[in-house]
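Hi,

Here is the structure I promised to pass on. Have a look at it first, and my notes follow below.

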Amino acid sequence: MRIYQADNIKELNRKAANLISAQMILKPDSVLGLATGASPIGVYKQLIDWYRKGDLDFAGIRTVNLDEYKGLGPEDPQSYHYYMQEQLFSAVNLRQENTYLPDGTQEDERTACEDYDALIRQLGGIDLQLLGIGRNGHIGFNEPGEAFIRNTHCVRLSESTIQANARFFASREDVPEYAYTMGIGDILQAKRVVLIAFGEEKARACYEAFTGPITPQLPASILQLHPNVSLVADRAALSLFAQGEYTL
Ligand code: F6R
């Protein structure tokens, strides 16, 4: 694992966007695994900026998102489909037909999940997976539990995740209880993983994920087994790591 420490959020966004840009330049038809939530917003803004300046081209890029709330359609402003349109897709020259998220409107869980895994396979796997991390160590919506779940699955969100995500909804009651998420196996098969984290509230999860035991109780800890993980984080999120414990 390589840790990139950023002094401020702007630098963090630039460092993470740099890793993504490098991937896009080296392989213009890359499959990018994307995340939603607060963490990647600035990274997407940076990528849009470079696209507008003519430095980045999304024409051949394919994207697959980690997750989607069950029951929300693309036109719902709280859906991750909507978020991706707003935060990235509509601002760059990505072809709409090359962007994929789990189908939140698919009632049949098995179909939704099997279709998504088949799609990832058809695309030839993910070249670079961008991740945020939950305060409880979740990645995608793989919540702490008894076992790592390999494939895309339907998950009941933990109370801590519902509380954390309530900030994006009118009230806690509006947060969907279920979501479709890529599984741990889907994430681990990505050739490269870039995890971004900022703020003190992520410090414990980051520290335990990379220095603690590998356990489904802290899903991000499985990333210790991945050969190519970069953690891009600010000082607050890295505050529990001792100096010298990581490479800058
Ligand atoms: C989002 C996702 C989640 C978030 C995590 C952190 O697609 O899969 O795992 O990355 O909940 O969320 P933020 O960035 O809002 O703190």
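Let's start with two aromatic residues: Tyr69 and Phe169 are both buried (buried means under 20% relative accessible area, exposed over 50%, partly exposed in between, with a 1.4 Å probe and protein chains only). Before going on, note that this is a predicted model, where local features need pLDDT of at least 70, side-chain atom pairs count only at pLDDT 80 or more, and totals for chains, interfaces and linings use all residues. Residues are numbered from 1 along each chain as its sequence is written, and side-chain values use heavy atoms, with hydrogens and water left out.

Tyr69 and Phe169 also belong to one aromatic cluster with Tyr80, Tyr83 and Phe141. Rings of Phe, Tyr and Trp (its six-membered ring) pair if their centres lie within 6.5 Å; planes under 30 degrees apart count as stacked, over 60 as edge-to-face and the rest as tilted. That gives seven aromatic pairs.

Another of them is Tyr207 with Phe241, edge-to-face at 5.4 Å centre to centre and 85° between the planes. Tyr207 sits in helix 7 (residues 203-211) and Phe241 in the segment after strand 10, so the pair ties together parts 34 residues apart in sequence. Helices (H or I, at least four residues) and strands (E, at least two) are DSSP runs, numbered from the N terminus. Tyr207 is partly exposed, at 24% relative accessible area, while Phe241 is buried at 6%.

As for the sheet, seven strands make an open one with parallel pairing, in the order 1-10-9-6-2-3-5 (strands pair if DSSP finds at least two bridges between them).

Cheers
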